[in-house]
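Here is a quick tour of the fold, written for someone who would rather look at strands and angles than read a long introduction. Have the viewer open and follow along.

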Amino acid sequence: MGKIYSALGLMSGTSMDGVDASIIQSDGNSTYKVIFNKYFEYNKDIFKKLTNLRDKISSSKDLNKMSKEIIILEKEITLFHAQISKKMILQSITDIDLVGFHGQTIFHNIDEKMTKQIGDGNLLSQLSKCLVVNKFRQNDLDNNGQGAPLTPIFHNVITKNLNQSFNLDYPMNIINIGGITNVSQIISDNDLEKDIFAYDIGPGNCLIDEWIRKNSNKRYDKNGEIANSGRVDELIFNQAIENFEIISIKESLDVKNFDLSFVKGLSLENGCATLTKFTAFLISEGLKKIDKIHDLSNQNYILCGGGRKNKALINDINKFMSRDKVILADIDKYQINGDFVESQAFAYLAIRTFLDLPISFPNTTRCKKPCTGGVVIKNF
């Protein structure tokens, strides 16, 4: 075991609702210990600015066009993260060596080899008086990778814990239902390069969240209650799955890959129910594709991310997967808080960046070779 580092991970996902913050201790390899986690919700003003900005950006040209607005919002986002950092550091029982600062993704396009996470690492380092690691995705893109997903190497550490503490057998699938649904498939714990595979398999919360946001004063469908109160329009659903297919699960996905047009005109509840079933169908199809790629059986499927709390969505996925006798288990069942896996991951990735260890691999992001990532900033 190498030196143990304490790191604060800050993660705001595609739901743009707030920031998950986690402090962990790790050697950057196989050991980690969670110190504590906390969620900080964006106020209505920041949430509205972020979602409006993302809606306006569909190309790198739009990024240039919106550059002034982006700079202003980036400072606001960074100040919000700085306040969080100070609160977390004050509450920490250990000194913080590093801050893993993911930033807020507003654009991700693998065709243009471009990803944009707003967040000023220099300013955060200055205000927090800590070493800050950010820009995690760019080196992977520069090496023909897709810049996502980056969490599989941390999921690998989690599966070691599940194997040792709960006797869960490999292979294991960690299914993260965030804005997009991604899966890390860990075949065994022998070889980082050969035994970890990762795929974006479909939408997660993005369609449902957008529908709720545009048709109500809520930000998301809490526990799937709105979907459960509506009725699926089977005609629209069947037309949607006939007309839409994710051809390759070897390409990273973005919320911009999906749109709501096919449910236009439905009531809030019926539109939500239809979108939830559509999302569940695409997730189940993605899981089946992964099984075919590796021809594996008797796998453990473990859910994390905010979407695992949407009972309507999980129920629909289970229905689509039932004929394959697949059971989806909530990661919380194994004493891991499923809300904070990604923020813990970016704390862990910050440590690996500091140690100059790879964070992405050909089988996770399609990069040419194992890639380091992230930039270490000291500005105090």
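## Strands, loops and a pocket

Let's start in the middle of a sheet: Ile-175 sits opposite Leu-303 in strand 10. Keep in mind that this is a predicted model.

That pair belongs to a parallel match between strand 7 (residues 172–177) and strand 10 (residues 300–304), joined by 5 bridges. Zoom out and you get an open sheet of 5 strands, ordered 9-8-7-10-11, with mixed pairing. Its edges are strand 9 (196–203) and strand 11 (328–330), each of which pairs on one side only. From one strand to the next, the twist averages 25 degrees. Helix 11 (residues 268–294) packs on this sheet and touches strand 7, strand 8 (180–186), strand 9 and strand 10. If you care about orientation, the direction of helix 11 makes about 155 degrees with that of strand 9.

Now for strand 4 (residues 98–109), where there is plenty of pairing to look at. How many of the 12 residues of strand 4 are buried? The count is 12 of 12, so the strand is mostly covered, taking buried as under 20% relative accessible area. Strand 4 pairs with strand 1 (residues 5–12) in the parallel sense over 5 bridges, and with strand 6, also parallel, over 3 bridges. With strand 5 (residues 114–118) the pairing is antiparallel, again through bridges, 5 of them.

Some residue pairs help to fix the register. Ser-12 has Gln-104 in strand 4 as its bridge partner. Val-99 faces Val-132 in strand 6, and Thr-105 is matched by Gln-117 in strand 5.

Strands 4 and 5 also make a hairpin, with 4 residues between them. A second hairpin comes from strand 2 (residues 18–26) and strand 3 (residues 32–41), with 5 residues between the two strands. Strands 2 and 3 run antiparallel and are paired over 9 bridges; within that ladder, Asp-20 stands opposite Tyr-39 in strand 3.

Backbone torsions are worth a look too. Here are the residues with positive phi, each with its setting.

| Residue | Phi | Where |
|---|---|---|
| Lys-113 | about 55 degrees | turn of the hairpin of strand 4 and strand 5 |
| Gly-28 | about 80 degrees | turn of the hairpin of strand 2 and strand 3 |
| Lys-135 | about 50 degrees | loop between strand 6 (131–134) and helix 5 |
| Asn-144 | near 65 degrees | loop between helix 5 and helix 6 |

Lys-135 has its positive phi although it is not a glycine, and Asn-144 is likewise a residue other than glycine. Are these two buried or exposed? Lys-135 has 57% relative accessibility and therefore counts as exposed, the cut-off being over 50%. Asn-144 has a relative accessible area of 43%, so it is partly exposed.

Which peptide bonds before a proline are cis? One runs from Ala-148 to Pro-149, with omega near -10 degrees. Another runs from Tyr-170 to Pro-171, with omega near 0 degrees. Pro-149 lies in the loop between helix 5 (138–142) and helix 6 (152–166), the loop that also holds Asn-144. Pro-171 is found in the loop between helix 6 and strand 7, which brings us back to the sheet where we began.

Helix 10 (residues 234–243) is the next stop, and Ile-241 lies in it. What does Ile-241 touch, leaving aside residues up to four places away in sequence? Its contacts are Phe-278 and Phe-281. Ile-241 counts as partly exposed because its relative accessibility is 22%, and buried would need under 20%. For a sense of scale, Ile-241 and Asp-55 are 186 residues apart in sequence, and their C-alpha atoms are 24 Å apart in space.

Last, a pocket. The second largest one has a volume of about 370 Å³. It is lined by 18 residues, and those closest to its centre are Asp-111, Glu-251, Ser-252, Leu-253 and Asn-257. By type, the lining divides into 7 nonpolar, 6 polar and 5 charged residues.

Definitions and conventions. Residues are numbered from 1 along each chain as its sequence is written. This is a predicted model: local features need pLDDT of at least 70, side-chain atom pairs count only at pLDDT 80 or more; totals for chains, interfaces and linings use all residues. Side-chain values use heavy atoms; hydrogens and water are left out. Two strands pair if DSSP finds at least two bridges between them. Axes are lines fitted to C-alpha atoms, for helices over the stretch in contact, and angles run from 0 to 180 degrees between N-to-C directions. Contact means heavy atoms within 4.5 Å. Buried means under 20% relative accessible area, exposed over 50%, partly exposed in between (1.4 Å probe, protein chains only). On a 1 Å grid over the protein atoms alone, a cavity is a set of points where a 1.4 Å probe fits but cannot get out, and a pocket is an open set with protein on both sides within 12 Å along at least five of seven lines; lining residues have an atom within 4 Å of a point. Grid points are joined across faces, edges and corners, and a volume is the space filled by probe spheres set on the points. Ala, Val, Leu, Ile, Met, Phe, Trp, Tyr, Cys and Pro count as nonpolar, Asp, Glu, Lys and Arg as charged, and the others, Gly among them, as polar.
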